Amino acid sequence: DQHVFGTLKHLRIANIFYRLTYLINILIPANICLMPFMKLLYGYLTSQPMEMHQIMIIYVPFDQRQPISYSILYILMAWVVSIEMMILIATDVLFVDIMTLLCHEFQIVGQKMREIDPLEDQEEAIRDIRKLVEIHEDLIEIAREIEKIFSFYFLMDFLAVIMCMCVAAY
């Protein structure tokens with residue numbers, strides 16, 4: 001049945017998406033988190049004056065340029081950015097899982113529709129077609145609900161990624 005309904009194909013596509021999503025969502029925070037560290041390392045290796053930059057510009061009631069406070073803030077900010085990226089990865093993976101399952105259900109309905117032989121028993125074929133049409137309508141309704149749920153999230157996700165790239169480039 002895996003070959004008939006295309007399960008393996010959907011799993012392969014989902015696996016590729018998981019890997020790309022994970023890679024992208026790890027590279028962005030790694031770039032953001034490592035940029036100040038790389039500037040410090042470059043300044044140290046080239047014997048240039050080192051400026052201590054944080055990952056994010058924030059106000060704190062103490063001098064962040066002191067080595068101890070800088071280190072603590074740097075670790076805290078890296079932790080916050082990492083947690084945010086893990087949440088993004090989890091939500092993206094959840095969406096892909098739901099959509100893969102939904103696509104698989106559509107394929108099952110299509111395969112069952114192709115298996116109906118109206119020449120054998122027309123009444124049974126009509127019952128089966130009505131049942132499959134109801135299932136298909138339910139699946140379309142589920143897809144609409146998923147779109148309502150995730151559309152705002154993906155807009156915010158897109159804007160957040162753009163902001164992260166702008167901050168990293170700045």
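Mentor: A residue is called partly exposed when its relative accessible area lies between the 20% under which it would be buried and the 50% over which it would be exposed; in this predicted model, Glu145 is partly exposed at 35%.

Trainee: Which residue does the side chain of Glu145 meet in a salt bridge?

Mentor: Side chains of opposite charge can pair when their charged atoms come close. Here the partner of Glu145 is Lys148, with 3.5 Å from N to O, and both residues lie in helix H4, three residues apart, which is about one turn of the helix. Lys148 has a relative accessible area of 60% and is therefore exposed, being over the 50% cut-off.

Trainee: How many salt bridges does a search of the whole structure find?

Mentor: The search finds two. The other joins the side chains of Glu141 and Arg144, at 3.9 Å from N to O, and this pair also lies in helix H4, three residues apart. Glu141 is partly exposed at 38%, and Arg144 likewise counts as partly exposed at 48%.

Trainee: Which elements give two or more residues to the largest nonpolar core?

Mentor: Such a core is read as a set of buried nonpolar residues joined through side-chain atoms. The largest one in this model has 11 residues, among them Met85, Leu102, Leu139, Ile146 and Tyr153. Helix H3 (67-115) and helix H4 (122-169) are the elements that give two or more residues to this core, and H4 gives the most, with six.

Trainee: What does Leu102 touch, if residues up to four places away in sequence are not counted?

Mentor: On that count, Leu102, itself a member of the core, touches Leu139, Ile142, Ala143 and Ile146.

How values were computed: Residues numbered from 1 in each chain as written. Predicted model: local features only at pLDDT ≥ 70, side-chain atom pairs only at ≥ 80, totals over all residues. Heavy atoms only, no water. Core = buried A, V, L, I, M, F, W, Y, C linked by side-chain atoms within 4.5 Å. Buried < 20%, exposed > 50% of the residue type's maximum accessible area, 1.4 Å probe, protein only. Helix = DSSP H or I, 4+ residues; strand = E, 2+ residues; numbered from the N terminus. Contact = heavy atoms within 4.5 Å. Salt bridge = Lys/Arg side-chain N within 4 Å of Asp/Glu carboxyl O.
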